[in-house]
Amino acid sequence: MIPTELRTARLLLRPWRAADAAQLHPILAANQSHLHGWIAAHVSALAPVDVLAERLARFAGDFSAGREFRFAVFDAMDARLLGEADLFVRDERGRVPLGHGESVELGYWLDATATGRGIATEATTALIAVAERLPMIRQLEIRCDVRNVRSAAIPARLGFSVVAAPMTELQVWRRPVPRAPHHASTVT
């Protein structure tokens with residue numbers, strides 16, 4: 001149900017591979033201050049290439065098992081790694097495996113050199129198209145720190161609305177998934 005490759009006008013999105021660690025390492029090294037505070041440490045923490053390879057292998061395993069869908073985002077022209085875009089199925093308790101929730105949480109992060117060009121919006125739009133085809137999904141969510149103004153502009157641009165004033169800095173944006181109404185056939 002979740003494709004293992006997505007292409008947009010400028011991007012290629014695919015599940016992480018352990019071999020991506022060599023390309024990820026310098027990006028994480030250069031972006032620690034850019035990512036700190038916004039992205040969970042189990043994703044953004046700098047580590048030796050072999051440890052990153054193990055991390056990415058776990059992400060790939062979670063993808064294959066239908067638990068979490070982390071896509072590496074590449075420039076489609078030169079195969080340069082730009083960041084990550086994510087799709088997580090949720091229920092009222094949190095993240096759950098595919099088929100067990102009615103919401104999809106979308107996430108993203110980019111190398112600082114790739115920001116400001118609509119790349120996160122383009123990658124998220126591709127994931128929205130995937131999420132809207134999942135039969136159980138009724139709403140989409142983006143969770144964003146209110147202090148991360150550039151990141152918070154993305155859900156607003158994509159038609160999401162803030163659902164409540166946060167008690168913390170975490171802001172939750174939602175958008176319903178359009179579903180065609182079911183029409184009963186009439187017999188005359």
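This text walks through the nonpolar cores and aromatic contacts of a predicted model.

Start with the largest nonpolar core. It holds 37 residues, and Leu-13, Leu-106 and Leu-140 touch the most other members. Seen by element, two or more residues each come from strand 2 (11–15), strand 3 (69–75), strand 4 (81–91), strand 6 (103–110), helix 5 (119–132), strand 7 (139–145) and helix 6 (149–157). Helix 5 gives the largest share, 8 residues. In soluble globular proteins, nonpolar side chains tend to be buried together.

Now take Leu-106. Leaving out residues up to four places away in sequence, Leu-106 touches Leu-127, Ile-128, Leu-140, Ile-142 and Phe-160, among others. The list also includes Asp-86, Glu-141 and Arg-143. A second core stands separate from the largest one. This second core has 18 residues, including Leu-28, Ile-39, Leu-52 and Ala-53.

Next, the aromatic rings. The whole structure contains 2 aromatic pairs. Phe-63 and Phe-69 meet edge-to-face, 5.0 Å centre to centre, with 80 degrees between the planes. Phe-63 and Phe-71 are also edge-to-face, at 5.2 Å and 85 degrees. Phe-63, Phe-69 and Phe-71 thus make up one aromatic cluster. Are these rings buried or exposed? Phe-63 and Phe-69 are both buried. Phe-63 counts as buried because its relative accessibility is 7%, under the 20% cut-off. Phe-71 counts as buried because its value is 0%.

Two arginines complete the tour. Arg-70 lies over the face of Phe-59, 4.6 Å from the ring centre. Arg-95 lies over the face of Phe-88, at 3.6 Å from the ring centre.

Methods
Residues are numbered from 1 along each chain as its sequence is written. This is a predicted model: local features need pLDDT of at least 70, side-chain atom pairs count only at pLDDT 80 or more; totals for chains, interfaces and linings use all residues. Side-chain values use heavy atoms; hydrogens and water are left out. A nonpolar core is a set of buried Ala, Val, Leu, Ile, Met, Phe, Trp, Tyr and Cys residues joined through side-chain atoms within 4.5 Å. Buried means under 20% relative accessible area, exposed over 50%, partly exposed in between (1.4 Å probe, protein chains only). Helices (H or I, at least four residues) and strands (E, at least two) are DSSP runs, numbered from the N terminus. Contact means heavy atoms within 4.5 Å. Rings of Phe, Tyr and Trp (its six-membered ring) pair if their centres lie within 6.5 Å; planes under 30 degrees apart count as stacked, over 60 as edge-to-face and the rest as tilted. A charge sits over a ring if NZ of Lys or CZ of Arg is within 6 Å of the ring centre and within 35 degrees of the ring normal.
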